[in-house]
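Take a look at the chain below. A short report on its strands, core and loops follows.

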Amino acid sequence: QVQLVESGGGFVQSGGSLRLSCAASGSRLRFDTMGWYRQAPGMERDLVATITGGGSTHYADSVKGRFTISRDNAKDMLYLQMNSLKPEDTAVYYCNVNRVVNVEGAKINFWGRGTQVTVSS
């Protein structure tokens, strides 16, 4: 099993910055792809950014150039540095682990409880 606990959310003015952290527990985390997703009220949960165990990253177009995802495999930590925040970034941000569970490539997702980010205009 994998347990994920997010922290670092809060209230910030437009143009400000926040750094989200996710503390992960469980075996084999260094081999897993980890990511951040967000969900605004009344909306679906959307991808923000992912990072593989080897460090390859992928970002949603809406956050490219503003957000940076990183991980510390030695500490089982995932981070999201968010700069130049906009009101449309307001959402609950969730930490995710996407794990391959068999040779056929089946995957399972683990989620944290989320942390609220609110950006005022």
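Which residues does Thr-57 touch, not counting residues up to four places away in sequence? Thr-57 touches Thr-50, Ile-51 and Ile-69. Contact here means heavy atoms within 4.5 Å.

This is a predicted model, in which local features need pLDDT of at least 70, side-chain atom pairs count only at pLDDT 80 or more, and totals for chains, interfaces and linings use all residues. Residues are numbered from 1 along each chain as its sequence is written, and side-chain values use heavy atoms, with hydrogens and water left out.

**More on Thr-57**

Thr-57 lies in strand E6, residues 57–59. Helices (H or I, at least four residues) and strands (E, at least two) are DSSP runs, numbered from the N terminus. Thr-57 has a relative accessibility of 40%, so it counts as partly exposed. Buried means under 20% relative accessible area, exposed means over 50%, and partly exposed is in between (1.4 Å probe, protein chains only). Gly-35 is 22 residues away from Thr-57 in sequence. In space, the two are 9.2 Å apart, C-alpha to C-alpha.

**The whole chain**

The protein chain has zero helices and 11 strands. Its radius of gyration is 14 Å, close to the 14 Å that the globule rule gives for 121 residues, so the chain is as compact as a globular protein of that length. The radius is taken over C-alpha atoms, and the rule is 2.2 Å times the number of residues to the power 0.38. Along the principal axes, the C-alpha atoms fill a box of roughly 45 × 30 × 25 Å. Of the 121 residues, 40% count as buried. Among contacts with a separation of 6 or more, 54% join residues 24 or more positions apart. The accessible surface comes to about 6,600 Å² (Shrake-Rupley method, 1.4 Å probe). Carbon and sulfur atoms hold 48% of that surface.

**An open sheet**

Strands of a sheet pair through backbone hydrogen bonds, either parallel or antiparallel. One open sheet has four strands in the order E1-E3-E8-E7, with antiparallel pairing. Strand E1 (3–7) and strand E7 (67–72) stand at the edges with a single partner strand each, so one side of each has no neighbour in the sheet. Neighbouring strands of this sheet are turned by 15 degrees against each other on average, direction ignored. These angles are between axes fitted to C-alpha atoms. Inside the sheet, E3 (residues 18–25) and E8 (residues 77–82) pair over six bridges. Two strands count as paired if DSSP finds at least two bridges between them. Ser-21 stands opposite Tyr-79 in E8.

**The core**

Which residues have the most contacts inside the largest nonpolar core? They are Trp-36, Leu-80, Met-82 and Tyr-93, in a core of 29 residues. Such a core is a set of buried Ala, Val, Leu, Ile, Met, Phe, Trp, Tyr and Cys residues joined through side-chain atoms within 4.5 Å. Elements giving two or more residues to this core include strand E4 (33–39), strand E5 (46–51) and strand E9 (91–100). Leu-80 touches Trp-36, Val-48, Phe-67 and Tyr-93, among others.

**Two loop residues**

Two residues other than glycine have a positive phi.

| Residue | Loop | Phi | Relative accessibility |
|---|---|---|---|
| Asp-76 | between E7 and E8 | near 55 degrees | 26%, partly exposed |
| Ser-84 | between E8 and E9 | about 50 degrees | 40%, partly exposed |

Technical notes
Axes fitted to C-alpha atoms, helices over the stretch in contact; angles between N-to-C directions.
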